[in-house]
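Got your viewer open? Load the model below and keep the selection box handy; we'll go one stop at a time.

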Amino acid sequence: MSSTTVSLEIADPYAQALMSLAQDQQLEDRFGQDAQGLLELLKASEDLQRFLENPLMDEAAKKGVFQQLGEDLHPLFSNFLKLLIDKGRIGFLGPILKRYQELLRQLRKTVLAEVTAAVELSDAQKDQIRQKVTAMTDAEQVDLEVSLNADLLGGVIIKVGSQVVDASLRGQLRRLSMQLNSAT
């Protein structure tokens, strides 16, 4: 079994439990915001991620980190994080929160579009991408996850599930090169 499979097997029941708690309390969106904020924090701080994943670090110290974030997090969400620490599963926080967001998107009939762009996108461009993805998928809403890659030269690559739309300049040049090579 790969480590990704193991992570998913561990993450899914915890994410399901968090969703169940959220639905009981009608806090699905609030927990989604808390999850997104923590995911961004983990992405921005590799040190924090290593600290939480380290089994030798004291549980009280790990709880202290979340205590400092306490005002920003819903108390029930904060208690869930403490439970993860108590159960020795805080190292799987990223996969658990990502899985929760997947469950929330399913509940809200929302799709995730992973967009890779050469330059920062304007709000109008993001709206245009949302409209195209909505037409492509018949989803009610579209969440965008935008990352930058200067190697694209221009344009965007949009990934929705297993579908990929390569509208980048690099992709267009590659396709043109293939056409020219096949023509000779």
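Here is a short tour, from the whole chain down to single residues.

Before you click, note that this is a predicted model, where local features need pLDDT of at least 70 and side-chain atom pairs count only at pLDDT 80 or more, while totals for chains, interfaces and linings use all residues. Residues are numbered from 1 along each chain as its sequence is written, and side-chain values use heavy atoms, with hydrogens and water left out.

**Stop 1: the whole protein**

Show everything as a cartoon. You should find eight helices and four strands, with helices (H or I, at least four residues) and strands (E, at least two) taken from DSSP runs and numbered from the N terminus. Trace the chain from that end and the order is α-α-α-α-α-α-β-α-β-β-β-α. Along the principal axes, the C-alpha trace spans about 65 × 35 × 35 Å.

Now switch on the surface. The accessible area is about 11400 Å², 50% of it from carbon and sulfur atoms; this comes from the Shrake-Rupley method with a 1.4 Å probe. Of the 184 residues, 33% count as buried, meaning under 20% relative accessible area, with exposed being over 50% and partly exposed in between (1.4 Å probe, protein chains only).

**Stop 2: helix α5**

Select residues 75–86, which make up helix α5. At 1.5 Å a residue, these 12 residues should span 16 Å, and the end C-alpha atoms are indeed 16 Å apart; the expected span is 1.5 Å times one less than the number of residues.

Which residues of α5 are buried? Show Phe77, Ser78, Phe80, Leu81, Leu84 and Ile85 as sticks: those are the buried ones. Look down the axis of α5 and they fall within an arc of 155 degrees, so they line one face of the helix. That arc is taken from the directions from the helix axis to the C-beta atoms.

Move on to glycine 88, which follows α5 and has a positive phi, near 70 degrees.

**Stop 3: two loop residues with positive phi**

Most residues other than glycine have a negative phi. Pick glutamine 26: its phi is positive, about 55 degrees, although it is not a glycine. Glutamine 26 sits in the loop between α1 (3–25) and α2 (28–44). Buried or exposed, this glutamine 26? It is exposed, with a relative accessible area of 68%.

Last, select lysine 109, another residue other than glycine with a positive phi, near 55 degrees. Lysine 109 lies in the loop between α6 (93–108) and β1 (110–117).
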